[in-house]
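Hi everyone, thanks for coming. Let me bring the structure up on the screen, and then we'll walk through it together.

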Amino acid sequence: MGLPWGCSRPSLTGHARGLLTSLVTLLLLRLGSAQLRVVGPGQPLSATVGQDVVLPCHLSPQRDARTLDVRWIRDDSSETVHHYRNGEDLYGEQMGAYAGRTELARDGLSAGSLDLRITRVRPSDDGHYFCTVKDVNAYHEAIVELEVSATGADPHLSLGGYEAGGVRVLCRSAGWYPLPQLLWRDARGQHLPSVSQTHSQDQEGLFEIEGAIIVTGSVEGPLSCVVRSSRLQQERESSLHIAAPFFHNAQPWMVALALVLVLLAVSIGLGVYLFRKKAAQSRELVKKDAEQEEQAAEIKEKDVKLAELAAELAWRRCILPQNRVEMTLDPDTAHPQLVLSQDKSSVRWESEWQQVPNSPERFISQCCVLGREEFKEGKHCWEVELEGELENDLWWAGLGVARASVKRKGLLNISPEGGIWAVQYNEGQLKSLTSPPTPLSLSPVPMRIWVCLDCTQQQVSFINANNGVEIFTFTAASFNGESIRPWFLLGTQGIQLCLRGNAPQTLSPALEGSCPSPPTPGSPLLGAPGVGQE
């Protein structure tokens, strides 16, 4: 920090006092921010419909929260569940579904407790909540998952009439959450197949499920209908015994079945006669078909090889010199635990949060950062390298591309459905982040990868920069006309992602040297504004 100079130089004592005051103020601000950490329960909470539940959340280390801004938010809608600030509950932004049903535990605020009580739990309360806290210098949040459940009534069994040579039996049960399973069992405990199954929800969100089964005379003993909740590990069961006289009325169907079988036997005999009559012709046709299939297999094999060569040629053209771009990282999007190098060409993860403003562009819940460049048309290719303590099998990182509008707050869907096309290193292995992720069998796992973006064909390819072998390609990517930006993920200390700016003109062995080192822990995120407010 520089000090202004006037017409005459100030005294050494005044200069030192001002510098000391500035350093002490900065240290206090940093200590206050570092202490503002929010911790959730770390595991889902269970609640029953109609009862009350407390969502736990607290500051770590312990700190008086009575003067802070505390807000509980639903993750799926980003709407406010409860808002507290400076000793007052604010209801102007509260969701209508929670009106009169929330309460912040005031008696624990002085000790850093931010617990929220929700009364008369409903099925719609099921899901993720964010416990957020901020003051003039910092912001932090924690995720709390609530699993709501309800056990319904005993199944109701009824007869639905004769059908398909048997008796149709219906089973219905209401008042469940989430949607339960409906199973049929005979007297020996063996499962029987349903012929139909439907469900619906009432105004309160509780499920009603109905199933049907056709029971014939072969079923001995009582028939049981079981409705089971996998979340609660509970089930309700009802049984029904159908007397033998009920099946007598179904016997005319047996006559019809016998007639069908006779007609089927006559048809089979006629078919055998015609088959023997044309046996010679059939053998000749079989021989010709075999020859044609062999020729078709050879043509198909050639087509496959041509397709593979065409695909290889396509991505090799993508990494031609005119398609390569020099990439830099955007500090305004970097998660507070990511530290960028001075030239914005490398990034590493640190356990200490950086003092940066919580702008709409910045990732908060996932340790991600975007490239500064945006692409909407043409072909573009850049090289990324991993360096550091790679012998540790617990490190993980990801790289690829994302829509410019990719979600920055709350839980991220890291897949093409969430607007991200990427691969991820995880415990010494590489996998593509499809839905679900696809493991990639590579040995050794490449540490230098080309990322190739074709906006025209809407494809994203990943190439081993050491040997030029294609790793994985996302085809028919749904960019939806948006700009596409490079995307990076890092969540382990001791390693760093590096962008190779001056890439070699041909695919060659690993480059010598290492990428520029990011600043040391404790220094602010380079290229970003200083400490600010939300």
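Let's start with one residue: in which helix does Val272 lie? The answer is helix H3, which covers residues 252–277. Please keep in mind that this is a predicted model.

So, is Val272 buried, exposed or partly exposed? Its relative accessible area is 37%, and because partly exposed covers values between 20% and 50%, Val272 counts as partly exposed. Val272 also has company: together with Leu261, Leu264 and Ile268, it makes a nonpolar surface patch of about 350 Å².

Now let's step back to the whole chain. You can find four helices and 32 strands in it. The accessible surface comes to about 29100 Å², and carbon and sulfur atoms account for 53% of that.

What about the inside? Of the 534 residues, 40% count as buried. The largest nonpolar core has 47 residues, and Leu55, Trp72, Leu114 and Trp184 have the most contacts inside it. Apart from that core lies another one, with 40 residues, including Leu329, Leu453, Phe462 and Phe479.

Let me zoom in on Leu114. Which residues is Leu114 in contact with, leaving aside its neighbours within four places in sequence? Among them are Val38, Cys57, Leu59, Val70, Trp72, Leu104 and Val133.

One last number, about contacts in the chain with a separation of 6 or more: 65% of these come from residues 24 or more positions apart. Thanks for listening, and I'm happy to go back to any part of the picture!

Methods: Residues numbered from 1 in each chain as written. Predicted model: local features only at pLDDT ≥ 70, side-chain atom pairs only at ≥ 80, totals over all residues. Heavy atoms only, no water. Core = buried A, V, L, I, M, F, W, Y, C linked by side-chain atoms within 4.5 Å. Buried < 20%, exposed > 50% of the residue type's maximum accessible area, 1.4 Å probe, protein only. Contact = heavy atoms within 4.5 Å. Helix = DSSP H or I, 4+ residues; strand = E, 2+ residues; numbered from the N terminus. Areas by Shrake-Rupley, 256 points an atom, 1.4 Å probe, with all protein chains shown as cover. Patch = residues over 30% accessible without salt bridge, like charges linked within 9 Å, V, L, I, M, F, W, Y side chains within 5 Å. Salt bridge = Lys/Arg side-chain N within 4 Å of Asp/Glu carboxyl O.
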